[in-house]
Amino acid sequence: MKHIMNILDLSVEELNDLLNLAEEIYNHPEQYRDKCHGKKLATCFYEPSTRTRLSFESAMLSLGGQVLGFSSADSSSAAKGESVADTIRVISSYADICAMRHPKEGAPLVASTYSSIPVINAGDGGHNHPTQTLTDLLTIHMLKGHMDHLKIGFCGDLKFGRTVHSLISAMVRYPGVEFVLISPKELRIPDYLRNETLIQNKIPFTEVNDLDQVIGDLDILYMTRVQRERFFNEEDYIRLKDSFILNVEKMKLAREDMLVLHPLPRVNEISVEVDDDPRAVYFKQAEFGVYVRMALILTLLGLN
Ligand code: CP
C-alpha cells in the first residue's frame with residue numbers, strides 16, 4: 001500500500017506513468033467508467049476547498065465508485081476533539097481510499113501511519129499539495145507536450161503557496177528547467193527550498209520583483225493568490241495582496257506560446273479580461289485535475 005504525502009513520493013517514472021494514464025482516461029473516459037465499481041473514496045477536509053474535494057469526488061464517481069466524507073472540521077468529530085489518528089482508524093473501515101486536507105502541516109502524514117487504506121494529502125497547511133502538482137504537470141504535459149527545457153515563472157505568494165513548493169520540487173527533476181521567481185521580498189520562497197532544492201541541485205533561478213521585466217522570456221507563467229489565511233496580521237496582507245495583477249497590457253509583453261497557469265481560487269491577481277486569451281489555461285487546468293485524480297485513485301487501488 002502506498003500513501004501520497006509529497007510529490008517526491010513518486011519517482012519520475014511513476015509520475016510519467018500517471019500522466020500517460022490520465023491522458024488515456026481523458027481520451028477514452030468510457031473505458032474507465034466501471035473500474036472502481038464497489039469501491040469507496042472518503043474525502044476528509046478540515047479546511048475549505050472547491051476544486052480538490054469536488055474533483056476527487058467527480059473522479060471516483062466517473063470511475064463507478066462511491067464517495068463519503070466531510071467538508072469542514074466543524075461538521076466532523078474533530079469539533080469534539082477527536083484526533084486525526086482516531087478518525088482515520090475509523091474511516092479505514094468505511095472506505096477503500098482517503099483524500100485528506102488539513103490546516104496543520106504533517107497531519108495527513110500522521111493519518112497515514114494509523115491508516116490501513118491509502119491516504120492522499122489533499123493539502124496540508126503551507127506545506128504540500130501533491131495532487132495540485134499532478135494537475136499542473138498534466139496541464140504542462142497535455143498543452144506543452146514536454147516537461148524539459150522550460151522557463152517557468154512563479155508569481156505572487158511564493159512563501160505560503162504550497163502549490164509552488166510542490167511544483168518546483170517536481171520540475172527540478174526534468175532536464176533544462178529554469179525558474180524565475182517573481183514576488184515581493186516578504187513573500188519569497190522558503191530558505192529550505194532555495195538551498196536544498198535549487199542551489200544544491202544547481203538549478204538556474206532568479207528572484208525578481210517586477211513581472212513586466214521578465215514575462216517576455218517565459219514558457220509558463222504560474223500565477224498565485226496571496227494566501228490571506230496564512231498571514232499573521234491583516235495589515236501585511238492588505239499591503240501585499242495586490243503586488244501583481246496580470247492584465248491584458250502585461251499579456252501583450254508575453255510570448256505567443258506562453259501558458260498562464262493558476263491553481264485557483266483567483267482573487268484579484270488575474271484580471272477577468274485575461275480569461276479570453278487562449279494562453280490563459282487555468283480553467284482547463286482545473287478540468288485536468290479530475291483526470292489525473294482518476295489515474296491516481298486507480299493506481300493506488302491497484303486497478304490501473
Ligand atoms: N487548487 C485548489 O487546491 O483549490 P481548492 O482550494 O478549491 O481545492
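How do the residues of the lining of the largest pocket divide into nonpolar, polar and charged? In this predicted model, the lining comprises 4 nonpolar, 10 polar and 8 charged residues. The largest pocket itself has a volume of about 370 Å³. Of the 22 residues that line the largest pocket, Arg101, Arg162, Arg225, Leu264 and Pro265 are the closest to its centre. Two or more lining residues are given to this pocket by each of the elements α2 (51-62) and α6 (162-171).

The second largest pocket encloses about 180 Å³ of space. Its lining is formed by Met1, Lys2, Ile4, Leu10, Glu14, Asp17, Leu18, Leu21, Thr299, Leu300 and Asn304. The elements that contribute two or more residues to this lining are α1 (12-27) and α11 (282-300). The largest share, 4 residues, comes from α1. Classified by residue type, the lining of the second largest pocket contains 6 nonpolar, 2 polar and 3 charged residues.

The nonpolar interior was examined next. The largest nonpolar core contains 60 residues, of which Phe154, Ile168, Met171 and Phe179 touch the most other members. Helix α11 gives the most to this core, with 10 residues; α11 is also among the elements that give two or more residues to the lining of the second largest pocket. For Met171, one of the residues that touch the most other core members, the contacts beyond its neighbours within four places in sequence were listed individually. These contacts are with Leu137, Ile140, Met147, Leu150, Ile152, Val177 and Phe179. Phe179 thus appears both in this set of contacts and among the residues of the largest core that touch the most other members. A second, separate core is made up of 21 residues, including Val214, Leu218, Met251 and Val274.

Outside the pockets and cores, one loop position was considered. Asp34 is located in the loop between α1 and β1 (40-45). With a relative accessible area of 55%, Asp34 is classed as exposed, because exposed residues are those over 50%. The separation between Asp34 and Arg188 is 154 residues in sequence, and the C-alpha to C-alpha distance between Asp34 and Arg188 is 45 Å.

Note on methods: Residues are numbered from 1 along each chain as its sequence is written. This is a predicted model: local features need pLDDT of at least 70, side-chain atom pairs count only at pLDDT 80 or more; totals for chains, interfaces and linings use all residues. Side-chain values use heavy atoms; hydrogens and water are left out. On a 1 Å grid over the protein atoms alone, a cavity is a set of points where a 1.4 Å probe fits but cannot get out, and a pocket is an open set with protein on both sides within 12 Å along at least five of seven lines; lining residues have an atom within 4 Å of a point. Grid points are joined across faces, edges and corners, and a volume is the space filled by probe spheres set on the points. Ala, Val, Leu, Ile, Met, Phe, Trp, Tyr, Cys and Pro count as nonpolar, Asp, Glu, Lys and Arg as charged, and the others, Gly among them, as polar. A nonpolar core is a set of buried Ala, Val, Leu, Ile, Met, Phe, Trp, Tyr and Cys residues joined through side-chain atoms within 4.5 Å. Buried means under 20% relative accessible area, exposed over 50%, partly exposed in between (1.4 Å probe, protein chains only). Contact means heavy atoms within 4.5 Å.
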